[in-house]
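Hi everyone, thanks for making time. I'd like to walk you through a structure that's probably new to most of you, so let's get it up on the screen.

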Amino acid sequence: FEKIYKPYGVEVVKKVKAHHLANGGMSRFEKFKIYHGDYLKIKLKDKQIIELSKEFSKNVVKKIVKAPYVPGAYEFIRKYFKKYTYFLITATPQNEIENIVKLKGLDKYFVRVLGSPLEKHENINRILNQYKLDKSEVCYIGDSLNDYTASKRCGIKFIGLGLKKMNPFPHK
């Protein structure tokens, strides 16, 4: 996001970065609407949002594929994928997340990989219904407030990774 908004100046980049860090898990399509609308006073057309998403994708896919795993995550997935049923839900566009998962060699571990345009809660409900899962036996592991919100909206357990830094639960 910083690279895309750099031409608009340091102040816009600061706002974009702050919003992005506070709203991990939000669709980039929604972020582009917010950043252009609120910070630049530009109403984007769908075609423009698609172009921005393509630019964003070019900037991040290679980096994501090369990025290290969260410590212990890959080992856990590999060790327990026959015991547990794994699904991956993300705000990343569907075709892009399928490509990333394949390039990282993770496709064999997930029964289903679901991304945008559907919201996370919609994809959770889709999986719950399609696979007739008991909500009490489902747990969403995520790293954003949006992940937490989606899991609670669907009535499933949640484990948050790295959320302490964001303090999304000030009441606890």
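Which helix gives the most to the lining of the second largest pocket? Keep that in mind while I set the scene. What you're looking at is a predicted model.

Okay, the pocket. There's about 430 Å³ of space in this second largest pocket. Its lining is made up of 20 residues, and the ones closest to the centre are Ser27, Glu30, Pro117, Leu118 and Glu119. Back to my question: it's H8 that gives the most, with four residues. H8 has company, though. Helix H3, at 28-39, helix H4, at 46-66, helix H7, at 120-130, and helix H8 itself, at 145-154, each put at least two residues into that lining. And what kind of residues are they? The lining splits into eight nonpolar, six polar and six charged.

Let's stay with Glu30 for a second, since it's one of the residues closest to the pocket centre. Glu30 also pairs up with Lys33 in a salt bridge, where the closest N and O atoms are 3.4 Å apart. Both of these residues sit in helix H3, three residues apart, so that's about one turn of the helix. Buried or exposed, where does Glu30 fall? In between: Glu30 is partly exposed, at a relative accessible area of 33%. Lys33 counts as partly exposed too, at 41% relative accessibility.

That brings us to salt bridges in general. Side chains of opposite charge can pair when their charged atoms come close. How many salt bridges does this structure hold? Five. I'll show you two more.

One is between the side chains of Glu96 and Arg28, at 2.9 Å, N to O. Glu96 is in helix H6, residues 94-103, and Arg28 is in helix H3, so this pair ties together parts that are 68 residues apart in sequence. Have a look at how covered these two are. Glu96 has 8% relative accessibility, so it counts as buried, and Arg28 counts as buried as well, at 7%.

The other joins Asp147 and Lys120, with the closest N and O atoms 2.4 Å apart. Here Asp147 lies in helix H8 and Lys120 in helix H7, so the pair ties together parts that are 27 residues apart in sequence. Asp147 is buried, and Lys120 is as well.

While we're on H7, look at His121, which lies in that helix. His121 counts as buried, at 15% relative accessibility. What does His121 touch, leaving out residues up to four places away in sequence? The answer is Ala150, Arg153 and Cys154.

Last stop, the nonpolar side of things. The largest nonpolar core has 14 residues, and those with the most contacts inside it are Phe1, Ile4, Tyr5, Val16, Phe32 and Phe56. Helix H1, at 2-5, helix H2, at 10-22, plus H3 and H4 are the elements giving two or more residues to this core. Of these, H4 gives the most, with four residues.

Zoom in on Ile4 if you can. Not counting residues up to four places away in sequence, Ile4 touches Phe32, Leu52, Glu55, Phe56 and Asn59. Two names there should ring a bell: Phe32 and Phe56 are among the core residues with the most contacts.

That's my tour, and I'm happy to spin the model around for anyone who wants another look.

Notes: Residues are numbered from 1 along each chain as its sequence is written. This is a predicted model: local features need pLDDT of at least 70, side-chain atom pairs count only at pLDDT 80 or more; totals for chains, interfaces and linings use all residues. Side-chain values use heavy atoms; hydrogens and water are left out. On a 1 Å grid over the protein atoms alone, a cavity is a set of points where a 1.4 Å probe fits but cannot get out, and a pocket is an open set with protein on both sides within 12 Å along at least five of seven lines; lining residues have an atom within 4 Å of a point. Grid points are joined across faces, edges and corners, and a volume is the space filled by probe spheres set on the points. Ala, Val, Leu, Ile, Met, Phe, Trp, Tyr, Cys and Pro count as nonpolar, Asp, Glu, Lys and Arg as charged, and the others, Gly among them, as polar. A nonpolar core is a set of buried Ala, Val, Leu, Ile, Met, Phe, Trp, Tyr and Cys residues joined through side-chain atoms within 4.5 Å. Buried means under 20% relative accessible area, exposed over 50%, partly exposed in between (1.4 Å probe, protein chains only). Contact means heavy atoms within 4.5 Å. A salt bridge is a side-chain nitrogen of Lys or Arg within 4 Å of a carboxyl oxygen of Asp or Glu.
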